[in-house]
Amino acid sequence: MNFNTTGAGLSRRSLLALAAMPALGLASTGASAQATEFPTRAVRIVLPFAPGAANDLVLRVLGDKLSQKWGQPVLVDNKPGGGTIIGTDAVAKAAPDGHTLLANVSAIVQNPPLRKKIPYATAKALMPVAQINRQHLVLVARPDLPIRNVTELVAYAKANPGKVNFATWGIASTAHMVFEKIRIDTGAPMVHVPYKGSQEINKALLTGEADVAVMDVVTPLPHIRSGKLRAIAVNGPVRAPIFPEVQTLSEGGIAGFEPYGWLGLFAPAGTPAAIVRKIAADLNAVQADPALAKRWDDLQVYPSDTTPEQFKAIFDKDLATWTAVIRRTGLTID
């Protein structure tokens, strides 16, 4: 029998393609079945911070909701240390099946340009799943300082060289980068004083031991409302709804801090795409529950609704932005 391989009949390539279709269908069916069955056991979300802070509280609320949706326990595993590297490394080396996940903040895009030695290649070892939420940071000052915005802070620091100190939660932290860039961009002489965390910084500001600081919004909020502390700037592309009168850093002339702070979910590289999409969709669904709206408002977080591709774009853009800021400040670790 003579087959026509060039005209109206089926070509050899077409025949091979048709022969491959059942295999492709089986692969697609297998991926779909994986997602449908997921999870088959407890899911562990590693958070590379100590328990008790806002991100920990957010994850525990979401963990409870996801557990109800999935019919399996969802456990928050706090693994602080190493500038989030210890917890991140544990997930980077975990089985890529969706049962071990990482919740991390923008430190994950700051570490590569900050550190010479990281035990994993961030962009290759982890897959962005979804941005959980966005958050503002707030720059606060003692109310007896004659400053109400960044411009006035710079002028005051220049008029009082070496007498203005800024508190942060550690060397090369986001807070440290903010003040270092203000200092470098404007020439304002200020002294860095690192503390162990937001509560210590809060106390130092209230007692007059510290002059200015960058903090999460929730910790100083009662004192800002009572007038014991003053908000003078926020990060992010727009002003914080809770502080409509307070400028963004970019409005104050300090570029590079337009991205929001965020909490995001990651999976080990190689996790099946169908499982990654299911996790993202289910996460978005549970945190959009209207019953949680007041909880998110109390914690001053703005829930996101992103696909893995959208979060990957945010991750890539913020990596480039933070790399530029870090190179400008000259900060390094190691």
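Start with the whole protein in cartoon view: its secondary structure comes to twelve helices and eleven strands. Those labels are DSSP runs numbered from the N terminus, with helices being H or I of at least four residues and strands being E of at least two. What you have open is a predicted model, where local features need pLDDT of at least 70 and side-chain atom pairs count only at pLDDT 80 or more, while totals for chains, interfaces and linings use all residues. Residues are numbered from 1 along each chain as its sequence is written, and side-chain values use heavy atoms, with hydrogens and water left out.

Now switch on a surface. The protein exposes about 15600 Å², and carbon and sulfur atoms supply 57% of that (Shrake-Rupley, 1.4 Å probe). Of the 334 residues, 48% count as buried, meaning under 20% relative accessible area, against over 50% for exposed and partly exposed in between (1.4 Å probe, protein chains only).

**Stop one: helix H6**

Select residues 150-159, which are helix H6. Show side chains for Val 150, Leu 153, Val 154 and Ala 157, the buried residues of this helix. They cover an arc of only 100° around the axis (taken from the directions from the helix axis to the C-beta atoms), which puts them on the same side of H6. Spin to the face turned away from that buried side and you'll find the exposed residues Thr 151 and Ala 159.

What do the buried residues of H6 pack against? Add helix H7 (174-186), strand E8 (212-216) and strand E9 (230-234) to your selection.

Next, pick Asn 149, in the loop between E5 and H6. Its relative accessibility is 19%, so Asn 149 counts as buried. At the start of H6, a side-chain oxygen of Asn 149 comes within 3.2 Å of the backbone nitrogen of Thr 151. Not counting residues up to four places away in sequence, Asn 149 touches Ile 232 and Gln 247 (contact means heavy atoms within 4.5 Å).

**Stop two: E9 and its partner**

Hop over to E9. Five of its five residues are buried, so E9 is largely enclosed by the rest of the structure. Add strand E5 (residues 137-141), which pairs with E9 in the antiparallel sense over four bridges; pairing here takes at least two DSSP bridges. Zoom in on Val 138, and opposite it in E9 stands Val 234.

**Stop three: the cores**

Select Leu 139, Phe 179, Ile 182, Val 212 and Leu 249: these have the most contacts inside the largest nonpolar core, which has 45 residues. Such a core is a set of buried Ala, Val, Leu, Ile, Met, Phe, Trp, Tyr and Cys residues joined through side-chain atoms within 4.5 Å. Apart from it lies another core, of 32 residues, including Val 58, Leu 59, Val 105 and Ile 132.

**Stop four: the open sheet**

Color six strands in the order E2-E1-E3-E10-E4-E11, an open sheet with mixed pairing. Strand E2 (74-78) and strand E11 (302-303) stand at the edges with a single partner strand each, so one side of each has no neighbour in the sheet. Further in, strand E3 (residues 100-105) and strand E10 (residues 261-268) pair in the antiparallel sense over four bridges. Click Asn 104, whose bridge partner in E10 is Gly 264.

**Last stop: Thr 271**

Follow the chain into the loop between E10 and helix H10 (273-287), where Thr 271 lies. Is Thr 271 buried or exposed? At 3% relative accessibility, Thr 271 counts as buried. Its side chain reaches the backbone oxygen of Pro 268 at 2.6 Å.

Notes:
A polar contact is a pair of N or O atoms within 3.5 Å; within protein, one must be able to donate a hydrogen and the other to accept it, and residues adjacent in sequence count only if both atoms are side-chain atoms.
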